[in-house]
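Let's take a walk through a protein, one piece at a time. Keep the picture open beside you as you read.

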Amino acid sequence: MRLDGRRFSNNISDRRGAGKTVAGLGGIGGLVIVALIVWLAGGDPVSVLNQTGQFATSDEIRNGYVPSDKENEYAQFASRILAGTEDVWNEEFKKMGLTYQEPKMVLYSGSVNSGCGNATASVGPFYCSADQTIYIDLSFFEQMEKEMGAGGDFAYAYVIAHEVGHHVQYLLGILDESHTAQAKVSQKEANQISVRTELQADFLAGVWAYNDNRLFGSLEPGDIEEALNAASKIGDDYLQKQAQGYSVPETFNHGRSDQRVKWLEKGLTTGNIKYGDTFTPSYSSL
């Protein structure tokens, strides 16, 4: 992605080093499948930066934690991507006659206390509607590249944009409606509602990318392929087969790989939120 000269977000909070890694969870290699499954199920990660783009200052080094240069690059990247989502969704909400309320992003390491409770890095990136904040442990990007073969800057941007998509759903009332509906039906039906919600967040990530490219010319050759590859590697069917050798469709809560690719690609090609209705079509046609 072309991000040179792009601004940093003012909505980043850097808590790296504040959370201690929970003992007994094993290494990254053993956690990656579980982490991705939880993320696909609707996890919320954290991203934190400051306006100047400077990271890991003396005030930010806690508990002896010193982020690597690579991690600080990821932090600056996340801040720029969040700023890009702010630019796009402020404009898109204005078109709808609405005001966009920008989410916060918390960067953390190991574990974090969110408005939705305590979480560890094993849950992957997640959005918490209680405090309208996205949480991310930046080591997740390393996991995507090394453990899943889903690396690349636009793939990482897709992860962030997907969580911002949940924030858009929250502001439009969709997320609360989805959660309310899930509480009234069987587990199987609740999972299907979750799939619809997650696929729409994928679509909204695509809408962001389309409009970010329109505004800033940010996409480079190969970027879209990176994101579509990432979407294919985080489908419920793919992850379950990697974890246990087979998949159980009735337990899916993020969607199959082909569905995630389909809805992300639809957002990327249309760039228009009005084409993202994942709740009206029959479940089999998603």
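**Starting from one asparagine**

Find N211, which sits in helix α6 (residues 187-216). One thing to know before going on: what you're looking at is a predicted model. Is N211 buried or exposed? N211 counts as buried, because its relative accessible area is 2% and the cut-off for buried is under 20%. If you skip the neighbours within four places in sequence, the residues that N211 is in contact with are V88, E92 and G271.

Now hop to N272, in the segment that comes after α9. Its relative accessibility is 27%, so N272 counts as partly exposed; that label covers values between 20% and 50%. Which residues does N272 touch, again leaving out neighbours within four places in sequence? They are F203 and V207. Along the chain, N272 and V207 are 65 residues apart, and yet 6.1 Å separates their C-alpha atoms.

That sort of link turns up in the overall numbers too. Take the contacts in the protein between residues at least 6 apart in sequence: 79% of them join residues at least 24 apart. The protein has 286 residues, and 52% of them count as buried. As for the outside, about 12,000 Å² is exposed, with carbon and sulfur atoms supplying 49% of that area.

So what is the chain built from? The secondary structure adds up to nine helices and six strands.

Let's do some strands. In β1 (residues 12-15), the side chains take turns: I12 and D14 point to one face and are buried, while S13 and R15 point to the other face and are not. Strand β1 pairs with β2 (residues 104-108) in the parallel sense, over four bridges. Look across from S13 and you'll find V106, its bridge partner in β2.

For an antiparallel pair, go to β3 (residues 111-114) and β4 (residues 117-120), which are paired over four bridges. How many residues does the hairpin use to join β3 to β4? The answer is two residues. Within this pair, N113 has N118 of β4 as its bridge partner.

Back to helices, with α2 (residues 69-95). It has 27 residues and runs 40 Å from its first C-alpha to its last, close to the 39 Å expected at 1.5 Å a residue. Just after α2 you meet G97, with a positive phi of about 75°.

Helix α2 also helps to line a pocket, the second largest one, which holds about 220 Å³ of space. There are 13 residues in the lining, and L3, E73, Y74, F77 and D153 are the ones nearest the centre. Both α2 and α4 (153-171) supply at least two lining residues each, and the largest share, six residues, comes from α2.

Last stop: helix α7 (residues 223-233). Which of its residues are buried? The list is D223, A227, L228, A230, A231 and K233. When you look at a list like that, it helps to remember that an α-helix has 3.6 residues a turn, so residues three or four places apart point the same way. And what do the buried residues of α7 pack against? Their partners are α3 (139-148), α4, α8 (236-244) and α9 (257-270). You've met α4 already, as one of the helices that help line the second largest pocket.

Definitions and conventions:
Residues are numbered from 1 along each chain as its sequence is written. This is a predicted model: local features need pLDDT of at least 70, side-chain atom pairs count only at pLDDT 80 or more; totals for chains, interfaces and linings use all residues. Side-chain values use heavy atoms; hydrogens and water are left out. Two strands pair if DSSP finds at least two bridges between them. Buried means under 20% relative accessible area, exposed over 50%, partly exposed in between (1.4 Å probe, protein chains only). Contact means heavy atoms within 4.5 Å. Accessible areas come from the Shrake-Rupley method with a 1.4 Å probe; for residues, only the protein chains shown count as cover. The expected span of a helix is 1.5 Å times one less than its number of residues. On a 1 Å grid over the protein atoms alone, a cavity is a set of points where a 1.4 Å probe fits but cannot get out, and a pocket is an open set with protein on both sides within 12 Å along at least five of seven lines; lining residues have an atom within 4 Å of a point. Grid points are joined across faces, edges and corners, and a volume is the space filled by probe spheres set on the points.
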